[in-house]
Amino acid sequence: MAGRFAARSTRTTVRGGDVVVPRQGGLVREWVPGGVLDLGLVLGPLRRGPGDPTFRATADGAVWRASLTPVGPGTLRVSAHGGAVRGEAWGPGAKWLLERLPEMLGAADDPDAFVPRHRLLAVTRHRRPGLRLTRTGLVLESLIPSVLEQKVTTDEAYRAWRLLVRKFGVPAPGPVDGRMWVMPTPRAWALIPSWEWHRAGVDDKRASTILRAVRVAARLEQAGAMSAEDARARLEVVPGVGVWTSAETVQRSHGAADAVTVGDLHLPGIVGWALAGDRDADDSVMLSLLEPYAGQRHRAARLILLSGRTPARRAPKMPRGDIGAL
């Protein structure tokens with residue numbers, strides 16, 4: 001990729017500006033955010049479990065992501081240096097990823113629009129000033145793992161994502177030492193045999209939803225340029241994609257600040273406990289408590305989760321199932 005670019009002088013980076021330069025084996029972009037930025041908080045929601053083959057966080061503080069972009073696979077490494085952010089990318093999708101680096105790091109987000117009305121949220125925002133809502137612009141990349149997380153434990157969903165990506169995806173480009181993979185193309189998802197879904201622990205309902213989604217992958221990816229509300233409406237046309245799944249998707253693909261997750265097993269109780277001491281709150285109670293944050297309800301929920309104020313567990317964890325062992 002770098003061979004296509006002739007070496008040239010670059011303009012000086014200024015606050016709010018950036019510079020893109022070629023580098024041996026890849027491309028580099030430096031960008032200066034307009035405020036405090038915490039890479040872990042911003043990009044953390046894109047990680048699907050500690051063994052996610054598309055995501056790595058290294059000891060030097062850098063975050064690596066392998067993505068299937070509209071122009072092909074790409075690997076992105078993001079690191080912070082002083083007040084600037086440095087993005088390095090490899091593969092056919094390198095330029096696409098770097099062009100969208102600011103939005104991925106929350107440049108389109110407006111954290112000042114959030115006005116805390118509970119002391120817990122005010123304190124948490126003060127302690128976590130680097131929180132921004134990411135916007136990847138990639139719909140299918142967030143939709144498929146969200147479908148895998150329907151009605152199962154996170155361990156089961158993370159295992160399925162890990163096995164399927166490693167088996168049917170492609171090795172990520174760049175210096176990743178064979179440790180990262182790019183998720184399968186829509187065609188590759190469509191060609192996964194039924195027994196491989198079973199071995200990965202994915203039941204027929206979730207597998208069928210994914211197969212229906214990849215058949216209209218082009219139409220779904222077009223939703224990346226829509227508003228979050230319109231994108232959710234398009235996603236929910238696909239049978240098997242409901243309000244829970246569409247919210248989980250646009251939170252990442254669109255940086256949707258108001259897309260609160262409805263239908264979650266744990267979130268209503270966590271929000272109810274944090275804001276009203278009600279651990280038995282349901283969706284209606286949760287939405288009522290979040291009403292003062294209309295337009296910013298997802299951000300409010302993120303801050304509640306980051307606060308660590310969650311009710312004590314009253315029962316054992318739901319046992320992890322493995323239909324692949326049947």
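Tutor: In this predicted model, the residues of helix 12 that are buried are Trp-244, Thr-245, Ser-246, Ala-247, Glu-248, Thr-249, Val-250, Gln-251, Arg-252 and Ser-253.

Student: What makes helix 12 "mostly covered"?

Tutor: Helix 12 spans residues 243-253, and 10 of its 11 residues are buried. A residue counts as buried when its relative accessible area is under 20%. The cover over these buried residues includes helix 5, helix 11 (228-235) and helix 15.

Student: What follows helix 12?

Tutor: Helix 12 is followed by Gly-255, which has a positive phi, near 60°.

Student: Why is helix 5 called roughly antiparallel to helix 9?

Tutor: Helix 5 (residues 139-148) packs against helix 9 (residues 204-215) at an angle of about 165°, and their axes are 9 Å apart. Angles over 145 degrees count as roughly antiparallel, and therefore helix 5 is roughly antiparallel to helix 9. The crossing of these two helices is right-handed.

Student: Which residues make the contact between helix 5 and helix 9?

Tutor: On helix 5 they are Leu-140, Leu-143, Ile-144, Val-147 and Leu-148; on helix 9 they are Arg-206, Thr-209, Ile-210, Ala-213 and Val-214.

Student: How many aromatic pairs are there?

Tutor: With ring centres required to lie within 6.5 Å, the count is four aromatic pairs. One of them joins Phe-114 and Tyr-293, and this pair is stacked.

Student: What makes the pair of Phe-114 and Tyr-293 stacked?

Tutor: The centres are 5.2 Å apart and the planes differ by 15°. The limits are 6.5 Å for pairing and under 30 degrees for stacking, so Phe-114 and Tyr-293 count as a stacked pair. Phe-114 lies in the loop between helix 3 (101-104) and helix 4 (119-127), and Tyr-293 in the loop between helix 14 (283-290) and helix 15 (297-307), so the pair ties together parts 179 residues apart in sequence. Both Phe-114 and Tyr-293 are buried.

Student: How do you know that Trp-161 and Trp-189 are stacked?

Tutor: Their values are 6.3 Å centre to centre and 20° between the planes. The distance is within 6.5 Å and the angle is under 30 degrees, so the pair of Trp-161 and Trp-189 is stacked. Trp-161 belongs to helix 6 (residues 154-168) and Trp-189 to helix 7 (residues 186-190), 28 residues apart, and the pair links distant parts of the chain. Both Trp-161 and Trp-189 are buried. Ring pairs also link Trp-161, Trp-189 and Trp-197 into a cluster.

Student: Where does Arg-56 lie relative to Trp-64?

Tutor: Arg-56 lies over the face of Trp-64, 5.9 Å from the ring centre, and the distance limit for such a charge is within 6 Å.

Methods
Residues numbered from 1 in each chain as written. Predicted model: local features only at pLDDT ≥ 70, side-chain atom pairs only at ≥ 80, totals over all residues. Heavy atoms only, no water. Phe/Tyr/Trp six-rings, centres within 6.5 Å; stacked < 30°, edge-to-face > 60°. Helix = DSSP H or I, 4+ residues; strand = E, 2+ residues; numbered from the N terminus. Buried < 20%, exposed > 50% of the residue type's maximum accessible area, 1.4 Å probe, protein only. Lys NZ or Arg CZ within 6 Å of the ring centre and 35° of its normal. Axes fitted to C-alpha atoms, helices over the stretch in contact; angles between N-to-C directions. Parallel < 35°, antiparallel > 145°, perpendicular 65-115°, else oblique. Left-handed = near helix turned anticlockwise from the far one by under 90°. Contact = heavy atoms within 4.5 Å.
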